[in-house]
Amino acid sequence: MSPQAPRRQTGSWILVPLGTLVRVIVGVAAALLVLGLIATGTLARVASGTVVADRAMVVAEQAAAERDLERGYERATDQVRKARALKLAIPAQQVDAIANKALADLFTLRHSALVSMGQLVGAPADAAEAYAKSTEQALDQKGGQQQPSAAPVLLAPRLYAIVSRFNDLATQIAERATTELTQSPTPTPTPTVRPTPTPIPTR
């Protein structure tokens, strides 16, 4: 009697180690998480260094930019006033005209920078104008007073651009006014007196 051949199983199971199965599950979950971050734009903002500021951060950065503007404004206006107070060689009327124009230009420049800041944080044109005026009044009331040192704030690039541009232009205005105030007066040309020829007597 011949031995009976073993029966072949119709179904089969693949045995996978538990560690490999866990790694596969973790990998799939990570891939789904990355896809979700890409879909919401979070990963793109992190990669580009962009951070969405909340309201408190916007207020802090706006206040820091206002302080930087005011420091530049006071520095430029002080330079003009100190040059004006010197014993100058040009006429007093010319001194007043140069200094007053420079101070008016600096005031207008600060106002324009504040309006730009108001628009940058989302205020419409009318609200930005009102913000600039109220901020000017508050800054002028604090002018010359010792203010407590605030914690340093890293300005957002667009706020920094406004402050930097203001400081550059304010420095130019103050330097130009100082140069004009301390210039030597232009000498008035003295008319040349020519002798009147003596008539020759006739005989």
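Partly exposed, as used for Arg-84 below, means a relative accessible area between the buried limit of under 20% and the exposed limit of over 50%. Everything in these close-ups comes from a predicted model.

**View 1. Arg-84 and Asp-96 pair up across two helices.** The side chains of Asp-96 and Arg-84 meet in a salt bridge, with N to O at 3.1 Å. This pair ties together distant parts of the chain, with Asp-96 sitting in helix α4 and Arg-84 in helix α3, 12 residues apart. From C-alpha to C-alpha, Arg-84 and Asp-96 are 7.9 Å apart in space. Arg-84 has a relative accessible area of 28%, so it counts as partly exposed. Asp-96 comes out at 36% relative accessibility, so it is partly exposed too. Once sequence neighbours within four places are set aside, Arg-84 also touches Val-95, Ala-99, Asn-100, Leu-103 and Leu-181.

**View 2. Arg-71 and Asp-68 bridge within helix α3.** Here the two side chains form a salt bridge at 2.1 Å, N to O. Arg-71 and Asp-68 are 3 residues apart in helix α3, so about one helical turn separates them. As a reminder, an α-helix has 3.6 residues a turn, so residues three or four places apart point the same way. Arg-71 is partly exposed, because its relative accessible area is 46%. Asp-68 is at 21%, and since buried means under 20%, Asp-68 counts as partly exposed.

**View 3. Asp-140 and Arg-110 belong to a salt-bridge network.** Asp-140 bridges to Arg-110, and their closest N and O atoms are 3.0 Å apart. Again the pair links distant parts of the chain: Asp-140 is in helix α5 and Arg-110 in helix α4, 30 residues apart. Is each partner buried or exposed, or something in between? Asp-140 is partly exposed, with a relative accessible area of 41%, whereas Arg-110 is buried at 0% relative accessibility. Glu-70 joins Arg-110 and Asp-140 in a network of salt bridges. The structure as a whole holds 5 salt bridges.

**View 4. Glu-66 is buried without a salt bridge.** Glu-66 sits in helix α3, which covers residues 55-85. What is the nearest side chain of opposite charge to Glu-66, and how far away is it? That would be Lys-142, at 6.9 Å. A salt bridge needs a nitrogen within 4 Å of a carboxyl oxygen, so at 6.9 Å Lys-142 does not make one with Glu-66. Beyond four places in sequence, the contacts of Glu-66 are Leu-114, Met-117, Tyr-131, Thr-135 and Leu-139.

**View 5. The largest nonpolar core draws on several helices.** This core has 33 residues, and those with the most contacts inside it are Leu-69, Val-80, Leu-106, Met-117, Phe-166 and Leu-181. Helices α3, α4, α5 (125-142) and α6 (157-181) each put in at least two residues. The most comes from α4, with 11 residues. Leu-181 touches residues including Val-80, Leu-88, Ile-90, Val-95 and Ile-98, not counting those up to four places away in sequence. In soluble globular proteins, nonpolar side chains tend to be buried together.

**View 6. Helix α4 from end to end.** This helix runs over residues 92-120, which is 29 residues. At 1.5 Å a residue it should span 42 Å, and its end C-alpha atoms are 42 Å apart, so the two agree. After α4 comes Gly-122, whose phi is positive, near 105 degrees.

Methods. Residues numbered from 1 in each chain as written. Predicted model: local features only at pLDDT ≥ 70, side-chain atom pairs only at ≥ 80, totals over all residues. Heavy atoms only, no water. Helix = DSSP H or I, 4+ residues; strand = E, 2+ residues; numbered from the N terminus. Buried < 20%, exposed > 50% of the residue type's maximum accessible area, 1.4 Å probe, protein only. Lys, Arg positive; Asp, Glu negative; His and termini not counted. Contact = heavy atoms within 4.5 Å. Expected span 1.5 Å × (residues − 1). Core = buried A, V, L, I, M, F, W, Y, C linked by side-chain atoms within 4.5 Å.
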